[in-house]
Amino acid sequence: MLLLDACNKQPTQHVPVWLMRQAGRYMQEYRDLRAKVSFLELCKSPELVCETTVFACETIRADAAIIFADILLITESLGFKLEFAKNHGPIIHNPYNASHAFPENDIRTDYKYLSESISLTRAELPQHKALIGFAGAPFTVATYCIEGGKSKDFAKVHHMLHKMPDIFDLLMQKITTATIEYLQLQIDAGANCLQLFDSWVGILDSSTYEKHILPHVQKIFQALPLDIPTIYFGTRSKHLLKSMLKAVPTVIGLDADTSIQSTWPSLNYHPIQGNLDPLLLLEDFSVIAKQVDRILSEVNNRPGYIFNLGHGIVPQTPVENVIRLVEYVHEKTTR
Ligand code: 1CP
């Protein structure tokens, strides 16, 4: 599989491409489906997950599919009441505090639907296309548990981390243990590669990251089998990349603010993924092509590179641009 070869720094016939949030709201077919089923119902229906995942991958002709799920599903087995409210985003109705009761749940039972979704999807996808499983990294998941949903300033998170570090750490430990089992379940069901999304880690400075967050992320990557490549991605994480690499993911994701040219050498050419600004996909294709050319010239044909965006596709993105983007990267990099 092209994606796995690139993760392992092997030469590939062209640069592999997949896009974060490639199966979602920018597609009419997805919106039509969501008019009939709620987001959580969709996540928990293996046939629909398989259809959504494979349809998106085939429509845009990506080299890999990412299983349709969400980083917050894990919170349900930790005793949080999760809701995806219409036009509001995720809500946790019982935000984390010192008296939170963590239930003794079994991940294999709670996420049987995910296991089934992955085996169905793996069977449906062409052999040469990798299926990516994923989870939220402990800090990013913890932010939703503590804030009760999305947050602008993460005030409660900062408060707990600095004023009640033991309570914060207990939550991190519980998420970490659950995440290891959750990722192992995805491997057993047929996932070929795993991505850990640390979307909000960039709000931390590097010493806070190294002290309170890194040990948990390290534990996750250490627990996983060596033959399944891993990708660790954070946004606004330019100042943390060297610390994040201490967790030893196979690949490190770069966000759109990070320059490949000036950053890659300092990471000793560790395999990277990224990093076209997703907002560029709203522009004319000539504008997109120019930025793709710039990225590819910075990569300069080195192995260990996966093309992706610097963050997820935004809902207003024209599907046409996404299709052309994948095609363009393939054409430009075919050996
Ligand atoms: O239909 C809908 O309106 C629900 C919107 C939606 C979708 C399509 C949510 C709610 N999650 C998802 C799917 C999803 N989420 C995928 C599946 C694959 C794909 O779309 O191709 C993945 C990989 C995610 C990951 C995810 N969820 C992240 C990490 C990536 C990132 O963008 O930083 C985060 C932070 C979430 C939380 C979440 N779930 C949903 C929303 C709207 C959010 C973000 C809320 C916020 O801004 O804080």
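Start with the whole chain and its contacts: counting those between residues at least 6 apart in sequence, 73% join residues at least 24 apart. Keep in mind as you look around that this is a predicted model.

Now switch to a cartoon view of the chain. You should find 14 helices and nine strands.

Next, show just the C-alpha trace and turn it along its principal axes. The trace spans about 60 × 45 × 35 Å. The radius of gyration is 19 Å, which agrees with the value near 20 Å that a compact globule of 335 residues would have.

Time for a surface. The chain exposes about 14,600 Å², with carbon and sulfur atoms supplying 49% of that area. Of the 335 residues, 59% count as buried.

Colour the charges next. There are 31 positive and 36 negative ones, and their mean positions lie 4 Å apart.

Last stop: select S237. Where does S237 sit? Look in the loop between β6 (230-234) and α11 (241-245). Is S237 buried or exposed? S237 is buried, because its relative accessible area is 1%, and the cut-off for buried is under 20%.

Zoom in on the S237 side chain and add the backbone of G234. The side chain reaches the backbone oxygen of G234 at 2.8 Å. Then select V201, M244 and D255: S237 is in contact with these three, once its neighbours within four places in sequence are left aside.

Definitions and conventions
Residues are numbered from 1 along each chain as its sequence is written. This is a predicted model: local features need pLDDT of at least 70, side-chain atom pairs count only at pLDDT 80 or more; totals for chains, interfaces and linings use all residues. Side-chain values use heavy atoms; hydrogens and water are left out. Helices (H or I, at least four residues) and strands (E, at least two) are DSSP runs, numbered from the N terminus. The radius of gyration is taken over C-alpha atoms; the globule rule is 2.2 Å times the number of residues to the power 0.38. Buried means under 20% relative accessible area, exposed over 50%, partly exposed in between (1.4 Å probe, protein chains only). Contact means heavy atoms within 4.5 Å. Accessible areas come from the Shrake-Rupley method with a 1.4 Å probe; for residues, only the protein chains shown count as cover. Lys and Arg count as positive and Asp and Glu as negative; His and the chain ends are not counted. The place of a charge is taken as NZ of Lys, CZ of Arg, CG of Asp or CD of Glu. A polar contact is a pair of N or O atoms within 3.5 Å; within protein, one must be able to donate a hydrogen and the other to accept it, and residues adjacent in sequence count only if both atoms are side-chain atoms.
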